[in-house]
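Dear colleague,

I am handing over the structure below, followed by notes on what was found in it. Please read the notes with the model open.

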Amino acid sequence: MPGVAMQDNVRLPDDSKSIAFFLSRVFSRIVRLVIGSVSLPALVDILKAIYVKEAEEKLLREGSKPTKSALALITGLDTRVVTQVLEQNLESTIHNQNVNPENALIDMWSGDPYFQDPNTGKAAALPIAGRGKTFQGLVLRSIGRNITVKTVLDRLLSSGSVKVNRGEVETVELISQIFLPLTDRRVRLTELALLEASRILGAVVHNMNSKPEFRVPQQGRWTYRLANERINEFRQRARELLDKQIIEGERLLEEFEEPKKHAGQVTVGIGWYQWSDHEPEEEGE
């Protein structure tokens, strides 16, 4: 069973190396989905909060007291960091993040009186270059010196967050307080990908912690010997197979679904997907 195999691996001397290897594969996909929309510092802060939360729950399940010292030991964080994390809950940590530098800039532009129009109280149109109350000054104060003004301006222009007013002195005007580095379609697909990934991992975690009779289906089948020129043919056949199973799955869910929503109900589901180990850009080479 997959869960048993994973538990056995934990006892191996090189388990950390093995887990780190597979983590890098998972994280590389996650980073590919979110890079440019969620900054690394924001992701690290969220991960710290999750680590402390999960460590606290693990200690409680094991009957241990989740002291700051115990949490520091199990997470590898300094006790001062643990204290800071405990002072906020996970939800507030997530919502308080400026998930990328562009959002941090827009927050300062629209919220700091120094960069606001005193007559309207809204973000002022700023000259691009120069010190002080300029777009360059805003970049320096909100993001820092490690990113050029042109890079930031190009990103904001491409997202439709700002416009440049031409004239004797060029100015930058904020036209949207929401920076969206991804299209609506890509946002939806990213959310769906992360949600499905969390559900698959949820099934694995459940099976690792459950008795055999309570484990849920969590299986995969693959071959290492598929000719590259037949990949599209395989995908079509797999699509036809899954379409039939999806219809049967929907019927099963409808059979068990209660007519009205009420307290005490749980969410259950079935997933179907097909994967391969090469990237889309490699196709056709």
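Helices and strands here are DSSP runs numbered from the N terminus, with helices of at least four residues and strands of at least two. On that footing, Ile128 is found in the loop between β1 (126-127) and α8 (135-142). Please keep in mind that this is a predicted model.

Overall layout

The protein chain has 11 helices and 3 strands. Read from the N terminus, the order of the elements is α-α-α-α-α-α-α-β-α-α-β-β-α-α. The chain comprises 285 residues, and 22% of them are buried.

Loop residues

Ile128, in the loop that follows β1, has a relative accessible area of 18% and is therefore buried, the cut-off being under 20%. Its C-alpha atom is 8.4 Å from that of Val149, a residue 21 positions away along the chain.

Ser161 sits in the loop between α9 (149-159) and β2 (162-165). Its relative accessible area is 0%, so Ser161 is buried. The side chain of Ser161 makes a polar contact of 2.8 Å with the side chain of Ser159.

Ile175 is placed in the loop between β3 (171-174) and α10. With a relative accessibility of 48%, Ile175 counts as partly exposed, because that class runs from the 20% limit for buried to the 50% limit for exposed. Between Ile175 and Ala123 there are 9.2 Å in space, C-alpha to C-alpha, and the two are 52 residues apart in sequence.

Arg215 belongs to the loop between α10 (184-208) and α11 (231-256). What is the nearest side chain of opposite charge to this buried arginine? It is Glu213, at 7.7 Å, and Arg215 has no salt bridge. A salt bridge needs a side-chain nitrogen of Lys or Arg within 4 Å of a carboxyl oxygen of Asp or Glu, so the distance to Glu213 does not qualify. The side chain of Arg215 does reach the backbone oxygen of Asn207, at 3.1 Å.

A residue in helix α2

Val26 is part of helix α2 (residues 15-34). At a relative accessible area of 39%, Val26 is partly exposed. Val26 and Ala197 are 171 residues apart along the chain, while their C-alpha atoms are separated by 9.4 Å.

Salt bridges

The structure holds 12 salt bridges. Among them is the one between Arg155 and Glu102, whose side chains meet at 2.8 Å, N to O. This pair links distant parts of the chain, with Arg155 in helix α9, Glu102 in helix α7 (residues 101-111), and the two positions 53 residues apart. Buried or partly exposed: which class does each partner fall into? Arg155 is partly exposed, with a relative accessible area of 30%. Glu102 has a value of 9%, so Glu102 is buried.

Asp78 forms a salt bridge with Arg80, and the closest N and O atoms of this pair are 2.9 Å apart. Asp78 has a relative accessibility of 35% and counts as partly exposed. Arg80, at 62%, counts as exposed, because exposed means over 50%.

Another salt bridge joins Glu170 to Arg166, where the closest N and O atoms lie 2.6 Å apart. Glu170 is partly exposed, its relative accessible area being 32%. Arg166 is exposed, with a relative accessible area of 65%.

There is also a network of salt bridges, which links Lys53, Glu54 and Glu57.

The second largest pocket

The volume of the second largest pocket is about 490 Å³. Its lining consists of 14 residues. Which of these lie nearest the centre of the pocket? They are Phe256, Glu257, Val266, Thr267 and Val268. By class, the lining of this pocket divides into 6 nonpolar, 3 polar and 5 charged residues.

Where to look in the viewer

For the loops, start with Ser161 and its contact to Ser159, then turn to Arg215 and the backbone oxygen of Asn207. For the salt bridges, the pair that links α9 with α7 is Arg155 and Glu102. For the pocket, Phe256 and Thr267 are among the residues nearest its centre.

Best regards

Note on methods:
Residues numbered from 1 in each chain as written. Predicted model: local features only at pLDDT ≥ 70, side-chain atom pairs only at ≥ 80, totals over all residues. Heavy atoms only, no water. 1 Å grid on protein atoms, 1.4 Å probe; cavity = no way out; pocket = protein on both sides within 12 Å on 5 of 7 lines; lining within 4 Å. Points joined across faces, edges and corners; volume = space filled by probe spheres on them. Nonpolar A, V, L, I, M, F, W, Y, C, P; charged D, E, K, R; others polar. Buried < 20%, exposed > 50% of the residue type's maximum accessible area, 1.4 Å probe, protein only. Polar contact = N/O pair within 3.5 Å; in protein donor to acceptor, adjacent residues only side chain to side chain. Lys, Arg positive; Asp, Glu negative; His and termini not counted.
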